[in-house]
Amino acid sequence: MRKIVVIVFMLLLFAGLAAAQVPTSGNVFFGYSYYNTDLSPIYRANTNGWEATLEGKVVPHLGFVADFGGHYGSQTFASIPCPGPLPCLQPPFNAANVAVHNVLFGPRVSASVGKFRPFAEAMFGFGHVNANSAGSDTSFATALGGGLDYRLIRPVAWRFQGDFVQTRFFGTHQNNLRLSTGIVFRF
């Protein structure tokens with residue numbers, strides 16, 4: 001009987017310690033996102049899409065973020081030169097529809113000042129691009145940035161966010177700018 005009491009006590013103790021490690025506050029964000037990328041050395045592409053994040057607070061000013069985004073548009077790539085002595089009838093550039101998706105994780109520091117909550121973040125993960133004529137690729141991605149939440153009512157805020165995102169698609173390195181805005185639900 002004493003062994004059963006000790007086992008039940010230990011299970012309850014470990015369950016309580018495990019529950020203390022789960023974040024008890026945080027927020028969920030979803031909104032519009034603009035993404036400026038240089039997948040091709042010819043022109044930068046302006047793409048539009050969405051971004052969603054889930055943040056769990058570990059301590060009052062530190063949280064961990066899972067960030068998901070999808071951006072869609074077109075990018076200009078160089079065409080293969082025409083073989084032979086005759087001039088080419090096709091243009092030297094091709095436009096390709098592109099879809100860029102990022103999945104990033106990392107820490108976020110923040111502080112509340114009245115109705116405002118500025119934050120800074122550093123995230124790491126991967127990106128995937130699919131360009132209909134250039135193929136697809138997956139690479140390591142990093143993002144450094146920050147933003148500002150403006151509290152509308154107690155559990156709801158509006159976010160303005162900017163991130164510098166680096167990817168390495170198709171064997172080259174891209175420096176991308178991501179600007180996002182949307183609604184935040186705090187819990």
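The following questions and answers concern the fold, core and surface of a predicted model.

Q: How many helices and strands are there in the protein, and in what order do the elements run?
A: The protein holds one helix and eight strands. Read from the N terminus, the order is α-β-β-β-β-β-β-β-β.

Q: Which strand gives the most residues to the largest nonpolar core?
A: This core has 14 residues, and those touching the most other members are Leu 39, Val 100, Leu 104, Met 123, Val 129, Ala 143 and Phe 169. At least two core residues come from each of strands S4 (93–110), S5 (116–131) and S6 (135–153). The leading contributor, with four residues, is S4.

Q: Which strand gives the most to the nonpolar patch on the surface?
A: The patch consists of Val 113, Phe 116, Leu 148, Tyr 150, Leu 152, Ile 153, Trp 158 and Phe 160, which together have about 730 Å² of accessible area. Both S6 and strand S7 (156–167) supply at least two of its residues. With four residues, the largest share comes from S6.

Q: Is Leu 152 buried, partly exposed or exposed?
A: Leu 152 belongs to strand S6 and is a member of the nonpolar patch. Its relative accessible area is 44%. Buried requires under 20% and exposed over 50%, so Leu 152 is partly exposed.

Q: What percentage of the exposed area do carbon and sulfur atoms supply?
A: Of the 187 residues in the protein, 37% are buried. The protein exposes about 10,800 Å², and the part supplied by carbon and sulfur atoms is 72%.

Definitions and conventions
Residues numbered from 1 in each chain as written. Predicted model: local features only at pLDDT ≥ 70, side-chain atom pairs only at ≥ 80, totals over all residues. Heavy atoms only, no water. Core = buried A, V, L, I, M, F, W, Y, C linked by side-chain atoms within 4.5 Å. Buried < 20%, exposed > 50% of the residue type's maximum accessible area, 1.4 Å probe, protein only. Areas by Shrake-Rupley, 256 points an atom, 1.4 Å probe, with all protein chains shown as cover. Patch = residues over 30% accessible without salt bridge, like charges linked within 9 Å, V, L, I, M, F, W, Y side chains within 5 Å. Salt bridge = Lys/Arg side-chain N within 4 Å of Asp/Glu carboxyl O.
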